[in-house]
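Let's take a walk through this protein together, starting from one pair of charged side chains and working outwards. Have the structure open and turn it as you read.

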Amino acid sequence: NPGGIFEALNAGVLTGNVIINITADLTGETGTVALNQWTEEPTGSNFTILIKPSGAARAITGTGTNSVVIKLNGADRTTIDGSLSGGTDRSLTISNPNTATGTSVLWIGSIGAGAGATNDTIKNCIISAGTVGSTSVTTFGVFVGDTTGAANGADNDSLTIQNNQILKATIGIQSIGGATAGQQDDNLLIDGNTIGDSVVANSIGRIGMNVGQATGATVSRNTVLNVVTTDSAITSSNNARGILISTGTA
């Protein structure tokens with residue numbers, strides 16, 4: 001939110017790696033302030049930012065009216081790790097209860113060609129959208145594209161999405177790079193995630209994951225279950241799909 005840690009990082013200068021410990025549940029997160037690519041001193045130091053829960057399992061929850069809870073706006077080398085111990089426990093829940101179309105829980109945004117969000121990691125989290133959606137409502141667990149949320153994004157390279165559970169989204173993960181040659185997303189890794197849930201109301205409304213315009217992507221060891229369209233009639237635009245490998249994936 002305004003006045004929070006992202007605003008401080010955007011306005012400051014990093015002189016070392018940063019660890020952000022979440023020491024209490026965070027409610028009413030508006031997603032107003034995205035994390036931008038920070039200024040470093042010395043330039044080119046390639047510092048990192050780690051966001052993690054501390055002390056006990058934690059939750060970050062949106063207001064119900066925000067389009068996103070956490071947005072990386074071209075920010076590189078950022079890790080959101082939901083483990084308390086550096087292991088594989090999923091002790092951070094990030095939720096966006098907004099049911100409006102186009103909303104996301106986590107948003108990785110490119111600010112242009114050669115200026116994507118690179119070397120970022122989202123792991124060990126429970127990621128919950130507001131609704132499973134339908135042909136008229138599209139929500140995302142993790143959206144990887146441009147900074148408007150409406151289009152593909154160039155050069156969001158070397159992104160890792162690992163060991164998360166993704167619930168109640170129309171599309172669990174959508175990662176689509178730029179269509180222009182050289183602007184695809186390189187070296188995407190989607191590994192070991194559970195997308196959907198045994199409870200249908202918590203599951204996925206149309207597509208488990210949609211990967212496109214990607215070069216050298218790895219999609220491995222994921223469990224996709226209960227992709228259940230909520231529309232009364234199945235058409236070419238709302239067929240349920242577990243994993244969709246779409247145009248431009250090499």
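Start with Arg-77, which makes a salt bridge to Glu-40; the closest N and O atoms of the two are 2.9 Å apart. Keep in mind that this is a predicted model. The pair connects distant parts of the chain, 37 residues apart: Glu-40 belongs to strand 5 (residues 39–40), while Arg-77 sits in the loop between strand 8 (70–73) and strand 9 (78–81). Are these two charged residues buried or exposed? Arg-77 counts as buried because its relative accessibility is 16%, under the 20% cut-off. Glu-40 counts as buried too, at 12%.

The structure holds 2 salt bridges, so let's visit Asp-191 and Arg-221 as well, whose closest N and O atoms are 2.6 Å apart. Asp-191 lies in strand 19 (residues 189–191) and Arg-221 in the loop between strand 23 and strand 24 (223–224), so this bridge ties together parts that are 30 residues apart in sequence. Here the partners have contrasting surroundings: Asp-191 is buried, with a relative accessible area of 5%, whereas Arg-221 is exposed, at 66%.

Strand 23 (residues 218–220) also holds Val-219. This residue is partly exposed, with a relative accessible area of 32%. Together with Ile-243 and Ile-245, Val-219 forms a nonpolar patch on the surface, and the three share about 240 Å² of accessible area.

Now look inside. In soluble globular proteins, nonpolar side chains tend to be buried together. The largest nonpolar core here has 43 residues, and the members touching the most others are Ile-49, Ile-94, Leu-106 and Val-142. Beyond its neighbours within four places in sequence, Ile-94 is in contact with residues including Ile-60, Val-69, Ile-80, Leu-106 and Ile-127. There is also a second, separate core of 6 residues, among them Val-68, Phe-140, Phe-143 and Ile-171.

Finally, step back to the whole chain. It contains 1 helix and 25 strands. Of its 250 residues, 50% count as buried. Among contacts between residues at least 6 apart in sequence, 84% join residues at least 24 apart. The C-alpha atoms fill a box of roughly 55 × 45 × 30 Å along the principal axes. How does the radius of gyration fit with a compact globule, and what is its value? The chain has 17 Å, which agrees with the value near 18 Å for a compact globule of 250 residues. The accessible surface comes to about 9,900 Å², and carbon and sulfur atoms account for 50% of that area.

Notes. Residues are numbered from 1 along each chain as its sequence is written. This is a predicted model: local features need pLDDT of at least 70, side-chain atom pairs count only at pLDDT 80 or more; totals for chains, interfaces and linings use all residues. Side-chain values use heavy atoms; hydrogens and water are left out. Patches are made of residues with over 30% relative accessible area and no salt bridge: like charges are joined within 9 Å, nonpolar side chains (Val, Leu, Ile, Met, Phe, Trp, Tyr) within 5 Å. Accessible areas come from the Shrake-Rupley method with a 1.4 Å probe; for residues, only the protein chains shown count as cover. A salt bridge is a side-chain nitrogen of Lys or Arg within 4 Å of a carboxyl oxygen of Asp or Glu. Helices (H or I, at least four residues) and strands (E, at least two) are DSSP runs, numbered from the N terminus. Buried means under 20% relative accessible area, exposed over 50%, partly exposed in between (1.4 Å probe, protein chains only). The radius of gyration is taken over C-alpha atoms; the globule rule is 2.2 Å times the number of residues to the power 0.38. Contact means heavy atoms within 4.5 Å. A nonpolar core is a set of buried Ala, Val, Leu, Ile, Met, Phe, Trp, Tyr and Cys residues joined through side-chain atoms within 4.5 Å.
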